[in-house]
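Student: Please take me through a close look at the disulfide bonding here, and then at one helix. I would like the reasoning along with the values.

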Amino acid sequence: MSLASPVLEAKGVTKSFGAFTAVRNVSLAVYPQEVVAIIGPNGAGKTTLFDLLTGRKAPDSGEVSLFGRVVTHEPPWRRVHRGLGRSFQVSSVFPTLTALENVQIGILLARKQTFQLFGQASLAHRAQAAALLDQVGLRDRMDRLAGELSYGDQRALELAVALSSRPKVLLLDEPTAGMGGEETDECLSRVKAIAAAESIPVLFIEHDMSVVFSFATRVIVLVAGEVLVNGAPAVVRADERVREAYFGESF
Amino acid sequence: MRLMQRDARKALLVLCLGMLTATPVAAQGEPVVIAGTFDLSGAAADVGKDAFEGAKLAIEIVNGRGGVLGRKLELRHQDNGTNPQKSVDQATAMIRDGAKFLMAPQSSGSAIAVNKAVSGKLKIPTCVSTSTADDITIKDFQPYIFTMSANSYMESRAIATRLAKEPFKRYAVISADYAGGRSGANRFKEFIKELNPNAEIVVEEYPKFGATDYTASINKVLAAKPDYVWSILFGADLITFTKQAQAIGFFEQVNKHFLALYDGNTLKALGDAAVVGTEGWQRVPVNIVSKGAAEGQAYVSGFKAKNGVYPSDWAGLAYDCVMIWAQAVEAAKSIEPDAVMKAIETTEFKSVRGPLKFGAFDHQGEVPVYIGKVVQSKEFGQPLLDIAEIIPGSIARPAEDVVRKLRGN
Amino acid sequence: MDGRLILAQVVAGVATGALYFLVASGLTLIWGALGVVNLAHGSFFMLAAFAATTLVHQLGPGLGLLCALVVVPLLVLVFAVALETTLFRRVYVGGIWGQLLLSFGLLLVVNDLVRTGFGAVSRSIVAPDFLQGFVEIFGVRLAKYQLAILATTGLVALYLWHLLARSRTGRLIRAAVDDPAMLGAVGVDVKALRTRVMGIAAVLAGIAGVIAAPRGAVNTTIDVQIVVIAFAVIVIGGLGSVWGALVAALLVGIAEALSTLVIDQGGEVVIFALMALVLFVMPTGFQTIAGRD
Amino acid sequence: MEHLSWRRALLLVLLGLAAAALVLVVPESRLPAVTRTVMLAGAAMSLNLLIGNAGLVSMGHGLFLGFGAYVVAIGSVKHGLSLSWCIALAISSAVVLAVVSAIIALRARALFFGLLTLALSQVAFVFVARNYALTGGDDGLVGINVPKWLDSDLAQHFVAVGVTTAVCLLLLMILASPFGAILRALRDNPERVASLGGHPKHIEFIAFVIAGILAAIMGVVAAITDQAVEPTLISWTTGATLLVMVALGGRFTFLGPILGVVILETTRTLVQTYSEHSDLVVGLLVMGCALAFPEGIGPSLQGSRLGRWFGGPVHMAEAATPPSTERTAAP
């Protein structure tokens, strides 16, 4: 894969709900080795954009492609098998399963063992699942029920589950939302380490500006469903329009 | 679980006792058990309850006379909830626990199932009181069954015989949509055309069983301008139909040329709403049997004394079941199934409806079909059928060669 | 086919549909607005019908039916409120499962008690004299009693419209249908509202039971019969939508009546085929309520 | 996640042997009723694959039970086919029926899914109850021929127990398999399953088809043991009764459905022996359970020795805190 070809690309995607246009003519691309942040005020259409990229929703117009292949109308599960992993804004684990089982399910699904009616799910891919939990620091809690884990641990588990499909591009919806300062740092360093170790490009939505500017290699500013600025963190930080539209006085 | 074990243990005990008492010596003085699986709840609960009362009364009367062969009768009964499978299970259980005679359940589906899956298999004399299903005595006949109700062949034949004498040509047919109704309707169509070549069926209606609105059927029948409306409606269906037909002047329009199965309960429920002048047929009309044979008088007065009301047809049929079996036992001087069934084939019995014989080849009771007009009776305080013609079973019943042909041999 | 016959069938279908509507509208309210599934809703209808036959037997057709129309819905109301406050209230927390079990048990118990109390034999009462017979319009004979059912249902529907549109309870019900989560959040006494809606639903079923009694046989099979049809109606009409239920009830009634012109068997298959078809084409019925599934 | 261990499989087999050994305790005359309970237990277990594990509340499961029974009955009574042919025909045609009805029913969601299955079974019921020539109408069909070795209550009981045990073992295996684990995950969070690469509809479809086929197999058992069929087997009453049995026994406990069947069926059979008020007693029992154990009796036994028998190593918390929102089909 040459450096020039994007792993994930949106070309002029638009999505409306009735009279309200959540995402308007947005184009963006994520290249290998990149860590791209999407920022924007509440209601800017960030999560809708994510849904269009992952296939939870189909755009009214425009095109989404993954590793050079047009996937605009492909459902989420098919995109997963093309190498797309995502996490959700609201913690979205399987609460009645243990941490380990959560990851095992992820691996089983990714390996297309969904319709395997024989064999023991509880014994499947244990080592690999445990290794993933180790990566996010949950090894000692792997037999606890996901629903009983602390909030921070659930987010970490969420990350491990997202990684269970060995994604080639990772989309994270506010990975640090609701976390304290320490937890946030821990989480970020983990994501950074994983992204670097497996060289996975990351696209993430974030509210915390310090996170964005310490982590992202590129920043996309979304306002009212449209891309306002798309560039290096320093460039974005210096942009007048961004200051006015989004950061306001406090910046 | 524990409850079940306790019950199982008790049943085991009963079984052991049953085996002990099965020896002829010990049998003397022990009551003879009659088993009944009744439709006491569920869809046919109205019929089942009455049949149960009829059977109970018959047993009281027999026991009052000293029982059969010097032994008292004991009725063991269970509620099958109008479910054929339950009927089969219960009947099987009661027979294995020592019952010598079985009262078949009331609804046709259950009676058919018990006939095939219990009576014939376990070789137990079984009386079908209310079901008119032809199959029981024709296609599915087995030698341990006998029936107390004219079957659908006989009822249709009797009615067609009577109607063929009338000048009607254009017939309408209405029946609820169920197996018995359909087969009755088909038989009637066949017989009326055979007995009156000018007859034609101008409209056929099969509203669902338990329908709440008959306006559609009523309008359709009226639109076909029939001379006579033959129906096999009964019970709740007949009540609902009557009221809705009455409301739009149906009966005047057809000059009250309308016929249905008016059993005593339905007439009583209809009360003032019963359409005087329409025709009907009945199985055990209380106004006839209470003034007929001594058995009939004893039955009606006994029932009235015991329950405070006049008995319905369903009670009379079940009553006759027990009484005929008791007479057969006396005639055979034995409660052994084969001896009893032999007596059923050869004896002339006394029933509430007068002398009664059974076909040797089908064990169909040669009971009469009572046809008459609806009147309001001061004496009974309810509408009744003023019976105009009693068509004897010997005329209406299918002949032996007909039965053999229908059986396919 | 004869146009007059079709017209007569449509009128008959509308009258039947009107009764379906009375039962279904209450069911759709308690389910749609409050998420309560009551399988025993038909028992209110059956109890009212039996009570009406008793009153008519005691007081005669005219006075009896009038009394029944006033007294019986109130009795049913008291019964429903008692049930709601003593039994149903205890099972809301666990979602639909407790409700399904409770109301299924209740259905069996009420049916058994009614059979024991009133007997298994069908009962019948006659309509008051002035409602017997028919009127002829364009050569079509319409039973007066059917028209009376239509008129009564029309009045009840008007009252229901008034209740939903104007009263505070009505506003709360509508709000609950639109957004079930909202109620508790804004400090509405959901407990009391549930009792009230259950009461209203029972009264509607009670009125239906009384006015249905003189037109046919009253026996212990009518509870299940009507509630199954009512479920079909509210599924077709859309959960929580009273007016959807009205349209669906009339549709079902008319389809049932008209189908007898083409097929020679009972109309029940039409109801369920219609229900299956509607759900197949529109998996949440004619109207969808957000957050209620 | 269910775990398949030799111990659990052995326990199931032992339970099956115990059910078979009932013939030693139960008097011969009561055996058919016990056999029928065993058959219903198998049917309820198949239904719970949908209700408890996939979160699909089917109200029309009688469709498959009745279908299996009717194919055998029609084949045997109307066409004189041998039993093995009838069984082969019943199971293969049940696959087709299950596929078609899954496609239709899974269009709807949640309780609408349940009502759609109810509508499907009612349409089938009316068809069967009104097709006198083919199905015997409301009278049903009596006189299914079985081979000589099967023509005794004892043999029929053993067959019912054997098939039900096999169905339970199969279900345990399925629930412990990757498919079963993913099915449970789907019940909890379909969105997440989709975002991890699973197709929710396809998973539900397979579960529906498996449950349908297993129910049809239990229907075949019903036809063999009763040697008769009648249309209420197909109607919504059967579907609703099975649903109530599952709910009563506990849908989140592996053997909960069997518990529900045994309690309800035994009560009804016993009461019917002595009185006509079985509806009253069963109704009060169900109401009492609704108030005391709205999630079924099974979960409340968890932790006790008896509970371990019934539930096996189901997570305590799973039984105590069921998913707060019931779902029935993914969007």
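Tutor: What follows covers the cysteines and then one helix of chain C, in a model that is predicted.

Searching the whole structure over all chains turns up 1 disulfide. The bond is between Cys127(B) and Cys321(B), with an S to S distance of 1.9 Å. Cys127(B) belongs to strand β4 (residues 126–128) of chain B, while Cys321(B) belongs to helix α14 (residues 313–332) of chain B, so the bond ties together parts 194 residues apart in sequence. The torsion about the S-S bond of Cys127(B) and Cys321(B) is about -65°, and the disulfide is therefore left-handed. Buried means under 20% relative accessible area. Cys127(B), at 0% relative accessibility, is therefore buried, and Cys321(B) is buried as well, also at 0%. In chain D, Cys86(D) has a relative accessible area of 1% and is buried; Cys168(D), at 3%, is buried too.

The helix is α6 of chain C, residues 168–178. Its buried residues are Thr169(C), Gly170(C), Leu172(C), Ile173(C), Ala176(C) and Val177(C). These cover an arc of only 160° around the axis, so they sit on the same side of α6(C). The spacing follows a general rule: an α-helix has 3.6 residues a turn, so residues three or four places apart point the same way. On the face of α6(C) turned away from the buried side are the exposed residues Arg168(C) and Asp178(C). At the start of α6(C), a side-chain oxygen of Ser167(C) comes to within 2.9 Å of the backbone nitrogen of Gly170(C).

Definitions and conventions. Residues numbered from 1 in each chain as written. Chains lettered and ligands numbered in written order. Predicted model: local features only at pLDDT ≥ 70, side-chain atom pairs only at ≥ 80, totals over all residues. Heavy atoms only, no water. Disulfide = S-S within 2.5 Å. Helix = DSSP H or I, 4+ residues; strand = E, 2+ residues; numbered from the N terminus. Buried < 20%, exposed > 50% of the residue type's maximum accessible area, 1.4 Å probe, protein only. Arc of directions from axis to C-beta. Polar contact = N/O pair within 3.5 Å; in protein donor to acceptor, adjacent residues only side chain to side chain.
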